[in-house]
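Here are some exercises on how helices pack, each with a worked solution. Have a look at the model, then try each task before reading on.

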Amino acid sequence: MFTGMDEVGWASMKHAYGSAEDVPELLRGLASACPQERERALDGMYGAVHHQGDVYDSTLACIPFLFELVGHAELRDRGGVVELLVSIGGGDAFEDGPFEDGDGAEGNYAMARTAVRSGATAFIGLLADRDPEVRRAAPTALVRFLGQPERVLGLLTGRLEEEEEEQVRSALAEGLGLFARLHPASAAPAVECLIELGAAPHDPGLRLAALGQLAGCAPDRLPADLVPTVIALLRARSRRPRVPDQPERPDTDTLIGHLRRLRPADEEGGHLLRTLHTALGGRTADRIALLKGQLSSDESADRWLGHAPAVPEMLRLLHGAPEGLRSREWLVGAIAGALGRCGPDAREAIPALRELLDGGCAVVAADALWSLEGDAEAVLPTLRRELVAGQSQARNAAEALSRLGPAARPALPALRGMANSGKVWLRANAAAALWDIARDPGPVLPALRSAWEQNAHTRAVLADCLTRMGPAGAPAHDLLRTELATPRRHQARAGGYGSHDIAEDEELLRACRAALDAA
């Protein structure tokens with residue numbers, strides 16, 4: 001392997017950090033039997049030889065040896081080498097059109113593209129490689145660099161009939177979408193294939209991938225019930241046993257290693273949703289409806305927008321929600337809440353959240369800001385103002401102040417007044433906030449007991465409060481014991497029932513037992 005590599009004048013070439021004399025060592029590292037060494041070598045290739053997408057003379061000299069690596073089926077981690085070749089050859093930089101000679105790129109970039117195109121037939125055999133990671137990387141490489149559209153289309157559709165790995169099938173669907181965008185004159189068969197892949201009986205992940213690609217290349221062919229279909233597929237996908245997106249990798253102190261550790265648990269799911277949101281573009285109504293479905297889901301796997309990598313997308317939606325939109329306040333509040341759940345990783349959202357402190361989403365924005373930066377002085381004025389606003393704002397403000405804990409002590413006078421309110425939910429939320437902030441059972445227990453006895457629906461909130469109180473809540477434990485001993489539940493109404501009644505009652509009983517155990 002690597003015949004002629006030592007005859008190349010590497011010392012006379014450059015990469016991002018000077019002389020390229022270390023490049024042969026990196027290339028040999030990619031072929032190493034040691035996984036840590038392979039990862040360090042790939043990190044070095046991206047960090048120096050192809051630094052931030054740059055193409056140096058040493059980068060060009062590597063291309064034949066990278067193709068040689070890809071062709072040795074016994075080597076591990078060749079999928080990463082295929083992706084490196086795609087990036088060197090131009091990658092996403094030419095999404096808007098096929099790779100044609102004389103398309104404006106010059107110098108090393110044009111030579112790199114030509115070199116990868118010249119070796120592109122090597123990608124054909126990778127579609128059936130025994131390594132699924134190689135098979136995942138192959139479709140994009142073929143579409144971008146093998147300048148024979150009809151042959152490429154036949155290869156992709158033919159492989160779809162044989163491929164069994166779900167994630168590789170999704171990659172083939174992405175390849176078909178890319179093909180349709182790069183070769184519009186030949187796109188019709190690819191679009192028809194995507195339509196077929198987006199329908200039953202295919203598995204949910206493949207259907208989501210196909211619909212995302214359709215949205216980008218043939219939005220007029222999307223199903224009329226797109227959003228309900230996508231939400232149903234997300235639910236179905238989240239209920240299936242989760243297969244790791246990537247094989248187990250070594251724990252190396254490299255940029256690649258650090259980035260891998262920062263990935264969300266379901267990176268493929270996040271990728272599917274980002275693809276769909278991006279492709280829908282200006283179809284604001286569909287994207288808002290899709291966000292509602294994600295953000296209101298009981299399945300955490302459906303809420304991929306709660307991950308920090310989605311923060312830029314959430315901010316675009318936050319700024320793009322048009323004034324006058326009927327559900328705008330709900331949407332803005334949902335996005336602000338999701339940003340808050342991202343924690344400090346979403347710090348870039350802080351200016352946008354501060355702009356919301358004077359509007360209808362002031363409480364949720366303040367709550368999110370506290371999660372992001374932990375600055376009580378920045379959010380207390382807003383939360384104290386909302387405590388004396390309408391009942392809904394006051395309840396939400398009290399809940400947010402609970403999360404501030406002792407830092408919210410300036411709000412105690414208003415909360416003590418709220419604990420004496422004639423409105424039962426105000427008393428319940430005030431009681432919980434008073435305990436979390438001041439740890440004084442005196443004003444808490446009377447408000448808690450009166451709310452518990454007046455409205456059974458407050459009991460779950462109050463049982464959680466008693467759990468946090470531990471032994472200090474003992475004077476109210478008779479309420480917990482009575483609740484646990486009552487055979488007929490308050491949800492059992494003569495006039496009807498709710499779909500969540502049993503689940504909510506079981507949660508209340510668990511909370512009551514937890515509160516007694518905490519004492």
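**Exercise 1.** Find which residues of α22 meet which residues of α23.

*Solution.* Start on α22: V424, R427, A428, A431, L434 and W435 make the contact (heavy atoms within 4.5 Å). Across from them, α23 offers P441, P443, V444, A447, L448, S450, A451 and Q454. Sorted by class, these are eleven nonpolar, two polar and one charged. Here Ala, Val, Leu, Ile, Met, Phe, Trp, Tyr, Cys and Pro count as nonpolar, Asp, Glu, Lys and Arg as charged, and the others, Gly among them, as polar.

Before going on, note that this is a predicted model, where local features need pLDDT of at least 70, side-chain atom pairs count only at pLDDT 80 or more, and totals for chains, interfaces and linings use all residues. Numbering runs from 1 along each chain as its sequence is written, and side-chain values use heavy atoms, leaving out hydrogens and water.

**Exercise 2.** Describe how α7 packs against α8.

*Solution.* First, locate them: α7 spans residues 149-162 and α8 residues 166-182. Next, take the geometry: the angle is about 155° and the axes lie 10 Å apart. The two helices are therefore roughly antiparallel (an angle over 145 degrees). Finally, list the contact: P149, V152, L153, L156, T157, R159 and L160 of α7 meet R169, L172, G175, L176 and F179 of α8. That makes eight nonpolar, two polar and two charged residues.

**Exercise 3.** Work out how the axes of α22 and α23 cross.

*Solution.* The axes of α22 (residues 424-438) and α23 (residues 441-454) come within 8 Å, crossing at roughly 150°.

Definitions and conventions. Axes are lines fitted to C-alpha atoms, for helices over the stretch in contact, and angles run from 0 to 180 degrees between N-to-C directions. Helices (H or I, at least four residues) and strands (E, at least two) are DSSP runs, numbered from the N terminus. Angles under 35 degrees count as roughly parallel, over 145 as roughly antiparallel, 65 to 115 as roughly perpendicular and the rest as oblique.
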